[in-house]
Amino acid sequence: MAFPVASINLAALRHNLARVRALAPNSQVMSVIKADAYGHGVIAVAEALADSDAFAVARLSEGIHLRQQGIEKPIVLLEGVNTEADFTAAANYQLSPVIHLHSQIQLLQTITLPKPLQFNWLMIDSGMHRLGITPEQAPAALTMLKACDNLSGEIGLMSHFANSDLVGDKRNQQQLAPMRALRQETGLAVCLANSAAVIAYPESHLDWVRPGLMLYGVSPFDDKTGPQLELEPVMQLKTRLIAVYDIDAGEEVGYGGDWTAEVPTRIGVASIGYGDGYTRHLSNKAEVLLRGQKAPVVGRVSMDTICLNLNDFEQAVVGDEVILWGKAELPVEQLAELAGTIPYELVTVICPRVQRELSDG
Ligand SMILES: *Cc1c(COP(=O)(O)O)cnc(C)c1O
């Protein structure tokens, strides 16, 4: 059997989408499945999340891939596109590139697309200063877009929170205010809330919500785990022991000899490393689950392997399953904190070398 494996629980995906619906009962749901569905495998995830009202990815290539694999729902390209060729491809594949620059509007006024773009969104910079035009520029931009033959149907207003994971931070209200005002003024649909806002800011739900991380059962807040928010973790990352042996007190383990056995120690070697996306920042810090118990990672994470201290594991043998994260005792949020990063990154960087295995329940 191949390993390492990222086991993807499709029932958990459906549960988490139902959780979004329960939290935001009056909003439509645009499920964010960019970056290969945060490393979970985009086609299987899109199929499991078929109850979404629309999907969002970052780039044109991601949208084309979904269309080529038979996904038919509206697909928003959150980064937009900037050339006639890319607008033409978006139109041909019925993808919806977000408009976030004046130069995009100007281009749309000069070219003739094979068919009009549908399900269009204008990105407003309500304070994050990443992508979008200012709220003040929005009315004039909307006038131009409504007059443009390359677009058909209503245009929605989109924006993105910079601090929604910081519950109670006043900058969130400062971003919400101009979006509410524009909604009032134009009567157009607004799409603002990412996962943290879906959970923590009901007043930001408005017409459409746009969750990513929570669909994968992971918490956007650094003091909570998915299960504490009634989410079910979707990914379980696991591998196998490929060696077990004993070393003497005083012997060093791994590159740089970063860990020294203080007593005679049984070492286990598990087949996963930074070449699979298991970050090197977990060297000497992480724990894994083996036979239902936690075993510490000792020494540096290598490209293909990690070493474990198995002194409490008399029975451990080559071939034993080793779980890296995705169990209640070993949440990915906790490993992210140990690695000095966010759980978004740990799941997203899992490499193609790790086999995705689908389970259902
Ligand atoms: C990635 C992304 C999201 C999803 O954010 P989560 O925190 O994962 O819910 C929503 N909107 C935009 C513009 C994004 O880039």
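Let's start at the place where domain 1 and domain 2 meet: the interface has zero salt bridges, a salt bridge being a side-chain nitrogen of Lys or Arg within 4 Å of a carboxyl oxygen of Asp or Glu. Keep in mind that this is a predicted model, where local features need pLDDT of at least 70 and side-chain atom pairs count only at pLDDT 80 or more, while totals for chains, interfaces and linings use all residues. Residues are numbered from 1 along each chain as its sequence is written, and side-chain values use heavy atoms, with hydrogens and water left out.

**The two domains**
- Domain 1 covers 10-216 and domain 2 covers 235-359, with bounds from an automatic or database domain assignment.
- Their centres, taken over C-alpha atoms, sit 38 Å apart.
- Eight residues of domain 1 and seven residues of domain 2 make the contact, meaning heavy atoms within 4.5 Å.

**Salt bridges elsewhere**
- The structure as a whole holds 14 salt bridges.
- Arg-59 pairs with Glu-79, with the closest N and O atoms 3.3 Å apart.
- Those partners are 20 residues apart along the chain.
- Arg-291 bridges to Asp-320, and here the closest N and O atoms are 2.6 Å apart.
- Is Asp-320 buried or exposed? Asp-320 counts as buried because its relative accessibility is 11%, and buried means under 20% relative accessible area, exposed over 50%, partly exposed in between (1.4 Å probe, protein chains only).
- Arg-291, at 48%, is partly exposed.
- Glu-287 and Lys-294 meet in another salt bridge, at 4.0 Å from N to O.

How values were computed: Helix = DSSP H or I, 4+ residues; strand = E, 2+ residues; numbered from the N terminus.
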